[in-house]
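Reader: I would like a close look at one part of this model, the aromatic cluster and the residues around it. Keep it brisk, and take me through it step by step.

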Amino acid sequence: MQTLHTMRSRPSNSSHHSRYSARNMAKPTNFFCAAPEAQSVAVVGDFNDWRPHVHLMEQQTDGSWHLQIPLNHGHHHYAFLVDGKPVLDPRAMGVARNEKNERVSLIAVS
């Protein structure tokens, strides 16, 4: 998994600087899943209330799956649903536990 970092400038000495802070901006975040035999892959996480049909990934010509999701600053829990089965991301920044005490992947967006 890779996070795209975009440079965003904010006006210095501006009374509106908090409006432009990184915390209020979603960053395009790339998710990659190597599952060439899969029929469908989705990203589920705290950013989409773990709903399986919100972020469906697109299969690439090499058989891998990709999706870019704008995520807000902070730590997010997620997993891939490969043909409906939850799978941890081997490229995740870490592993955590969700509210059901299940292991999930962790990403930090800054």
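Author: What follows starts with the aromatic pairs and then moves to single residues and one hairpin.

This is a predicted model. How many aromatic pairs does it hold? The count comes to three. One of them joins Phe31 and Phe47. Their ring centres are 6.1 Å apart. The planes meet at 35 degrees, and the pair is tilted. Why tilted? Planes under 30 degrees apart count as stacked and those over 60 as edge-to-face, so the rest are tilted.

This pair links distant parts of the chain. Phe31 sits in strand β2, residues 27–33. Phe47 sits in the loop between β3 (41–45) and β4 (58–59). The two are 16 residues apart. Is each ring residue buried or exposed? Phe31 has 0% relative accessibility, so it counts as buried. Phe47 has 21%, so it counts as partly exposed. The cut-off for buried is under 20%.

Tyr78 and Phe80 form another aromatic pair. This one is edge-to-face. The centres are 6.0 Å apart, with 75 degrees between the planes. Tyr78 is buried, and Phe80 is buried too. Phe31, Phe47, Tyr78 and Phe80 form one aromatic cluster.

Now take Ala79. It belongs to strand β6, which covers residues 74–82. Ala79 has 5% relative accessibility and therefore counts as buried. What does Ala79 touch, leaving out residues up to four places away in sequence? The list is Ala42, Val43, Val44, Trp50 and Val87. Arg103 is 24 residues from Ala79 along the chain. Their C-alpha atoms are separated by 8.9 Å.

Trp50, one of the residues that Ala79 touches, deserves its own look. Trp50 lies in the loop between β3 and β4. Its phi is positive, about 60 degrees, although Trp50 is not a glycine. The relative accessibility of Trp50 is 27%, so Trp50 counts as partly exposed.

Asp83 also has a positive phi without being a glycine. The value is near 50 degrees. Asp83 lies in the loop between β6 and β7 (85–87). With a relative accessible area of 40%, Asp83 is partly exposed.

Next comes Ser64. Its place is the loop between β4 and β5 (65–71). Ser64 has a relative accessible area of 17%, so Ser64 is buried. Which side chain does the side chain of Ser64 meet in a polar contact? That of Asp62, at 2.6 Å. Beyond its neighbours within four places in sequence, Ser64 is in contact with Cys33, Glu58 and Gln59. Cys33 falls in β2, residues 27–33. Glu58 and Gln59 fall in β4, residues 58–59.

The last stop is the hairpin of β8 and β9. Strand β8 runs over residues 94–97. Gly94 and Ala96 make up its covered face. Val95 and Arg97 make up the uncovered one. Strand β9 covers residues 103–109. The two strands pair in the antiparallel sense, over four bridges. Ala96 stands opposite Val104 in β9. Five residues lie between the strands of this hairpin. In the hairpin, Asn101 takes a positive phi near 65 degrees. Arg103, whose C-alpha atom is 8.9 Å from that of Ala79, falls within β9, residues 103–109.

Methods
Residues numbered from 1 in each chain as written. Predicted model: local features only at pLDDT ≥ 70, side-chain atom pairs only at ≥ 80, totals over all residues. Heavy atoms only, no water. Phe/Tyr/Trp six-rings, centres within 6.5 Å; stacked < 30°, edge-to-face > 60°. Buried < 20%, exposed > 50% of the residue type's maximum accessible area, 1.4 Å probe, protein only. Polar contact = N/O pair within 3.5 Å; in protein donor to acceptor, adjacent residues only side chain to side chain. Contact = heavy atoms within 4.5 Å. Pairing = 2+ DSSP bridges.
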